[in-house]
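Q: I would like to learn how to read a model like this one, feature by feature. Could we go through it together?
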Amino acid sequence: MADWVTISSLATAGGTLVLAGATFASVRSANRAARVAERSLLVGLRPVLVPSRPQDPPERVDFRDAVAFSVPAGDALVEESGGVIYLAMPLRNVGSGLAVLHGWYLLEGLPGGTPTQTHEDPAAFRITYRDIYIAPDDTGYWQAAIRDADDPWRPTVQDAMSQRQPFTVDVMYGDHEGVQREIARFAIRPDDESTWAAQVGRHWSLDGPDPHPR
């Protein structure tokens, strides 16, 4: 005779196992859907900064000492006046989220573009003295000033100006939530005898996977 107690227990265990499998699959599917939804949300908030296009209007850049410059699109400002070196660069946000500029780091010359090339520690970046916002599909600018006579970056810019040599600026920015931080590397090159041009060379993600191989 069949042991109905054993058969019942096995049937219950089998049913429980099937239910557990279905629950596990459902949880995995829900987690995958949540990750996709989160990814889509972040993509909708992500800014991407590049130099402005030649057809974009010039940017009026005001500094805190009541000095202002008009910088043509695609160009860069490298100007010394009254012992202060003024730097600025018109930018366009080609991403889908609002960009907020956080800081900058200056480098001599044009660092090599090897796949293993990286950026300085974000803690070493100089924080912008005010928040600068650039809306999606709109233009704005990055600005900085070197005011102290003993500033370690002053000789780099002065040499670039006197010898008409390029230098590099890394700009750190993120979305309006303070995350999705990026570093964009811009080359500031002499365009002719008096003007400068800006070109973007590389982007790094600080709060997500780095797409560059090591």
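Q: Which strand does E9 join through seven bridges, and in what sense do the two run?
A: This is a predicted model, and in it E9 is joined to strand E10 (residues 182-190) by seven bridges, with the two running antiparallel. To find the register, look for residues that face each other: phenylalanine 167 stands opposite isoleucine 188 in E10.

Q: Which other strand pairs with E9, and over how many bridges?
A: Strand E6 (residues 99-108) pairs with E9 over eight bridges, again in the antiparallel sense. Here leucine 101 is the residue opposite tyrosine 173 in E9.

Q: How many residues of strand E9 are buried?
A: In a regular strand, side chains alternate between the two faces of the sheet. A useful habit, then, is to check each face in turn. Eight of the eight residues of E9 (residues 167-174) are buried, so the strand is largely enclosed by the rest of the structure. One side carries Phe167, Val169, Val171 and Tyr173, the other Thr168, Asp170, Met172 and Gly174, and both sides are covered.

Q: Where along strand E2 do the side chains point to a buried face, and where do they not?
A: In E2 (residues 59-62), Glu59 and Val61 point to one face and are buried, while Arg60 and Asp62 point to the other and are not. E2 also pairs with strand E3 (residues 68-71), antiparallel over four bridges, and aspartate 62 stands opposite alanine 68 there. The two strands form a hairpin with five residues between them, and alanine 66 in the turn has a positive phi of about 65°.

Q: Which residues have the most contacts inside the largest nonpolar core?
A: That core has 43 residues, and the ones with the most contacts inside it are Leu87, Leu101, Trp104, Trp142, Phe167 and Ile188. Strand E5 (residues 84-93) gives the most to this core, with seven residues. Phenylalanine 167 is a good place to zoom in: beyond residues up to four places away in sequence, its contacts include Val78, Leu87, Leu106, Ala160, Ile188 and Trp196.

Q: Is arginine 154 buried or exposed?
A: The cut-off for buried is under 20% relative accessible area. Arginine 154 has 8% relative accessibility, so it counts as buried. It is found in helix H2 (residues 154-163). For a charged side chain, the next step is to look for partners. The arginine 154 side chain reaches the backbone oxygen of isoleucine 146 at 3.2 Å and that of arginine 147 at 3.4 Å.

Q: With which residue does arginine 154 form a salt bridge?
A: Its partner is glutamate 80, with the closest N and O atoms 3.5 Å apart. The pair links distant parts of the chain, since glutamate 80 lies in strand E4 (residues 75-81), 74 residues apart from arginine 154. Glutamate 80 is partly exposed, at 35% relative accessible area.

Q: How many salt bridges does the structure hold?
A: The structure holds nine. One of them joins the side chains of arginine 92 and aspartate 137 at 3.1 Å, N to O. Arginine 92 is in strand E5, and aspartate 137 is in the loop between strand E7 (126-134) and strand E8 (139-146), 45 residues apart. Arginine 92 is buried at 8%, whereas aspartate 137 is exposed at 59%.

Note on methods. Residues are numbered from 1 along each chain as its sequence is written. This is a predicted model: local features need pLDDT of at least 70, side-chain atom pairs count only at pLDDT 80 or more; totals for chains, interfaces and linings use all residues. Side-chain values use heavy atoms; hydrogens and water are left out. Buried means under 20% relative accessible area, exposed over 50%, partly exposed in between (1.4 Å probe, protein chains only). A polar contact is a pair of N or O atoms within 3.5 Å; within protein, one must be able to donate a hydrogen and the other to accept it, and residues adjacent in sequence count only if both atoms are side-chain atoms. Two strands pair if DSSP finds at least two bridges between them. A nonpolar core is a set of buried Ala, Val, Leu, Ile, Met, Phe, Trp, Tyr and Cys residues joined through side-chain atoms within 4.5 Å. Contact means heavy atoms within 4.5 Å. A salt bridge is a side-chain nitrogen of Lys or Arg within 4 Å of a carboxyl oxygen of Asp or Glu.
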